Amino acid sequence: MGIISRFSDIMKANMNALLDKCEDPEKMIDQKLRELKENLAEVKKDTAEVMAEETRCKRELTKWQDESKKWEDLAKKAITAGKDSDATQFLAKRNSANERVASAQKVFDTAKANSDKMQQMYHKLENDIQILQSKRETLKATVAVAKTQESINRANAKANASKTMDSFGELEDRINKRLDAANAAAELDAQEGH
């Protein structure tokens with residue numbers, strides 16, 4: 001039973017050692033930072049696309065605002081020139097352009113809100129990466145201290161002779177009992193021979 005228990009303990013220790021090697025904290029920290037940097041690159045690309053869409057929507061809004069102003073200016077000139085029928089046509093075109101302005105304004109507002117959100121996410125991720133990079137060195141130093149402490153603990157366990165001394169004491173007791181028994185048997189043999 002003792003051999004099976006000892007074998008089980010050795011196997012558990014070996015498995016834990018393998019797991020510790022597989023999960024090297026320093027490598028995991030570096031891997032997480034690489035993943036975050038890859039995510040940052042993707043978020044940057046997506047943010048640029050959303051910002052470009054905002055710019056396109058702003059350009060469209062400005063185009064319709066300019067169109068509305070152009071028709072309004074023409075209507076004012078027509079009224080000043082006494083051409084009321086032309087002014088009416090120009091005002092109708094201005095009203096149509098104003099409807100497009102309202103529609104373009106809604107689209108632009110949505111694009112602007114999306115762009116602002118994406119930029120916030122990008123800057124937050126960028127900031128988080130900078131914080132993690134500064135923590136990285138502290139974490140690596142902590143891992144190094146932990147490894148040193150583990151080495152000290154292992155060395156201390158190996159250097160701890162009290163268990164070995166206890167085992168030797170037990171062996172010495174058994175040997176002494178055997179010697180005593182052998183001496184007693186020899187003494188009895190010697191007494192019988194007299």
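**Exercise 1. Is aspartate 30 buried or exposed, and what is its relative accessible area?** Then find its partners across the fold.

*Solution.* We are working with a predicted model, so let's take it in steps.
- Step 1: Place the residue. Aspartate 30 belongs to helix α2.
- Step 2: Compare its accessibility with the cut-off. Aspartate 30 has a relative accessible area of 19%, so it is buried, the limit being under 20%.
- Step 3: Look for partners. Setting aside neighbours within four places in sequence, aspartate 30 is in contact with Arg136 and Lys140.
- Step 4: Check one of these pairs through the backbone. Aspartate 30 and arginine 136 are 106 residues apart along the chain, yet 8.1 Å separates their C-alpha atoms.

**Exercise 2. Describe the overall fold and say where the prediction is most and least confident.**

*Solution.*
- Step 1: Count the elements. The protein has four helices and zero strands, giving the pattern α-α-α-α along the sequence.
- Step 2: Read the confidence. The mean pLDDT is 83, with 83% of residues at 70 or more.
- Step 3: Split it by element. Helix α1 (residues 2–22) has the lowest confidence, a mean of 52, while helix α2 (residues 25–80) has the highest, at 92.
- Step 4: Draw the practical lesson. Where pLDDT is low, predicted coordinates should not be read in detail.
- Step 5: Add two whole-chain values. Of the 194 residues, 15% count as buried. Of the contacts between residues at least 6 apart in sequence, 82% join residues at least 24 apart.

**Exercise 3. Compare the span of helix α2 with its expected span, then look just past its end.**

*Solution.*
- Step 1: Take the length. Helix α2 has 56 residues.
- Step 2: Compare the spans. From first C-alpha to last, α2 reaches 80 Å, close to the 82 Å expected at 1.5 Å a residue.
- Step 3: Move on along the chain. Just after α2, glycine 82 adopts a positive phi of about 80°.

**Exercise 4. Find the largest nonpolar core and trace the contacts around tryptophan 64.**

*Solution.*
- Step 1: Size the core. The largest nonpolar core holds 13 residues, and Leu61, Trp64 and Phe90 have the most contacts inside it.
- Step 2: Ask where its residues come from. Helices α2 and α3 (84–159) each supply at least two of them, and α3 gives the largest share, seven residues.
- Step 3: List the neighbours of tryptophan 64. Beyond four places in sequence, tryptophan 64 touches Ala97, Arg100, Val101 and Ala104.
- Step 4: Turn to one of those partners. Alanine 104 sits in helix α3 and is buried, at a relative accessible area of 9%.
- Step 5: Read the contact from the other side. With neighbours up to four places away left out, alanine 104 is in contact with Leu61 and Trp64.
- Step 6: Add a backbone distance. Alanine 104 and lysine 63 lie 41 residues apart in sequence and 9.5 Å apart in space, C-alpha to C-alpha.

**Exercise 5. Classify the aromatic pair and find charges that sit over rings.**

*Solution.*
- Step 1: Count the pairs. There is one aromatic pair.
- Step 2: Classify its geometry. The ring centres of tryptophan 71 and phenylalanine 90 are 5.7 Å apart and the planes lie at 25°, so this pair is stacked; the cut-off is under 30 degrees.
- Step 3: Locate the partners. Because tryptophan 71 is in helix α2 and phenylalanine 90 in helix α3, the pair ties together parts 19 residues apart in sequence.
- Step 4: Check burial. Tryptophan 71 is buried at 13% relative accessible area, and phenylalanine 90 is buried at 19%.
- Step 5: Look for charges. Lysine 70 lies over the face of tryptophan 71, 4.5 Å from the ring centre. The charged end of lysine 58 sits over the ring of phenylalanine 108, 5.2 Å from its centre.

**Exercise 6. Decide whether glutamate 54 is buried or exposed, and name its contacts.**

*Solution.*
- Step 1: Place the residue. Glutamate 54 is part of helix α2.
- Step 2: Apply the cut-off. Its relative accessibility is 14%, so glutamate 54 counts as buried.
- Step 3: List the contacts. Not counting residues up to four places away in sequence, glutamate 54 touches Phe108, Ala111, Lys112, Ser115 and Gln119.

Conventions: Residues numbered from 1 in each chain as written. Predicted model: local features only at pLDDT ≥ 70, side-chain atom pairs only at ≥ 80, totals over all residues. Heavy atoms only, no water. pLDDT = per-residue confidence, 0-100. Helix = DSSP H or I, 4+ residues; strand = E, 2+ residues; numbered from the N terminus. Core = buried A, V, L, I, M, F, W, Y, C linked by side-chain atoms within 4.5 Å. Buried < 20%, exposed > 50% of the residue type's maximum accessible area, 1.4 Å probe, protein only. Contact = heavy atoms within 4.5 Å. Expected span 1.5 Å × (residues − 1). Phe/Tyr/Trp six-rings, centres within 6.5 Å; stacked < 30°, edge-to-face > 60°. Lys NZ or Arg CZ within 6 Å of the ring centre and 35° of its normal.
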